[in-house]
Amino acid sequence: MRVVVMARQPVPGACKTRLEPLLGPDGCAALQAELVRHTVACCPRGRTLVATSGGDLAGLLPPGTPTVAQEGAHLGERIAHAVGVAGTPATVIGTDLPSLRPADLAAAEAALEGHDVVFGPADDGGWWVCALRAPAPEVFAIAPALWGGEEVLDACVAAARAAGRRVAFIDERTDLDTPADAARVLEDPATPAAVAAVLRGA
């Protein structure tokens with residue numbers, strides 16, 4: 001099972017922008033850097049591909065971690081391209097889940113038994129993980145305008161089922177996107193100390 005991490009470069013003004021009222025552009029970039037480090041650290045060495053957006057992630061990844069530039073007109077196309085490079089079965093995650101642990105990826109992989117696609121719902125209407133048994137680009141071929149909104153999960157599930165894919169779900173989680181999310185993340189004992197320090201402005 002390959003793991004594909006969709007990761008944005010930590011550039012001030014170009015990442016985690018909904019948190020700028022709390023952290024400012026530089027703080028958002030610092031947060032993004034910690035989230036990339038944490039996410040990749042949770043992934044299996046030798047089986048992880050990082051799909052980068054916005055430039056090089058040098059210094060944030062363990063030596064030898066393979067990378068590929070994200071390609072596509074919208075997020076769905078970029079995910080499908082990265083999965084195509086990595087091969088399947090594969091698990092796709094972003095970098096918005098500070099509470100991520102290796103066991104979460106193992107749970108998504110285990111849930112593929114008897115299913116074609118596994119989603120981990122996010123409480124904002126998106127998903128924090130998607131595991132695929134075989135190539136299924138149609139899962140991500142939803143209306144481009146939906147990405148980042150409240151209908152992403154429903155649209156991806158509908159696309160998967162319309163293509164005859166057997167769908168399963170694992171636990172819902174909270175992404176870190178807004179100041180309200182940040183308050184909840186700071187209350188979560190699973191939040192890494194480095195992430196909490198940035199959120200507190202330390």
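The exercises below, each with a worked solution, concern salt bridges, cysteines and nonpolar cores in a predicted model.

**Exercise 1. Find the salt-bridge partner of Lys16 and say where the two residues sit in the chain.**

Step 1. Side chains of opposite charge can pair when their charged atoms come close. The cut-off to apply is 4 Å between a side-chain nitrogen of Lys or Arg and a carboxyl oxygen of Asp or Glu.

Step 2. The closest N and O atoms of Lys16 and Asp96 are 2.7 Å apart, and the two residues form a salt bridge.

Step 3. Lys16 lies in the loop between strand S1 (2–8) and helix H1 (20–41), while Asp96 lies in the loop between strand S4 (90–93) and helix H3 (102–111). The pair is 80 residues apart and links distant parts of the chain.

Step 4. Lys16 counts as buried because its relative accessibility is 12%. Asp96, at 25%, counts as partly exposed.

**Exercise 2. Describe the salt bridge between Asp177 and Arg18, then name the network to which both residues belong.**

Step 1. In this salt bridge the closest N and O atoms are 3.7 Å apart.

Step 2. Asp177 is found in the loop between strand S7 (167–169) and helix H5 (179–187), and Arg18 in the loop between S1 and H1. With their positions 159 residues apart, this pair too joins distant parts of the chain.

Step 3. Asp177 has a relative accessibility of 11% and therefore counts as buried. Arg18 has 49%, so Arg18 counts as partly exposed.

Step 4. Salt bridges link Lys16, Arg18, Asp96 and Asp177 in a network.

**Exercise 3. Work out how Arg37 and Glu34 are placed in the helix, and give the total number of salt bridges.**

Step 1. Arg37 and Glu34 form a salt bridge, with 3.2 Å between the closest N and O atoms.

Step 2. Both residues are in helix H1, and because they are three residues apart, about one helical turn separates them.

Step 3. Arg37 is partly exposed at 36% relative accessible area, and Glu34 is partly exposed at 21%.

Step 4. The total count of salt bridges is eight.

**Exercise 4. Explain why Cys130 and Cys156 do not form a disulfide.**

Step 1. A disulfide is a covalent bond between the sulfur atoms of two cysteines. The cut-off for the two sulfur atoms is 2.5 Å.

Step 2. The sulfur of Cys156 is 7.0 Å from that of Cys130, its closest cysteine sulfur, so the two are too far apart for a bond.

Step 3. The count of disulfides is zero.

Step 4. Cys130 is buried, with a relative accessible area of 0%. Cys156 is also buried at 0%.

**Exercise 5. Describe the largest nonpolar core and the surroundings of Phe119.**

Step 1. This core has 28 residues. Those that touch the most other members are Ile79, Phe119, Trp127, Val139, Phe140, Trp147 and Cys156.

Step 2. At least two residues each come from S1, strand S2 (48–53), helix H2 (75–86), strand S5 (117–121), strand S6 (127–132) and helix H4 (152–162). H4 contributes the most, with seven residues.

Step 3. Leaving aside neighbours within four places in sequence, Phe119 is in contact with residues including Trp127, Cys130, Val139, Leu153, Cys156 and Phe169.

Step 4. Another core, of 26 residues, lies apart from the largest one; Ala33, Val50, Leu105 and Trp128 are among its members.

Terms used. Residues numbered from 1 in each chain as written. Predicted model: local features only at pLDDT ≥ 70, side-chain atom pairs only at ≥ 80, totals over all residues. Heavy atoms only, no water. Helix = DSSP H or I, 4+ residues; strand = E, 2+ residues; numbered from the N terminus. Buried < 20%, exposed > 50% of the residue type's maximum accessible area, 1.4 Å probe, protein only. Core = buried A, V, L, I, M, F, W, Y, C linked by side-chain atoms within 4.5 Å. Contact = heavy atoms within 4.5 Å.
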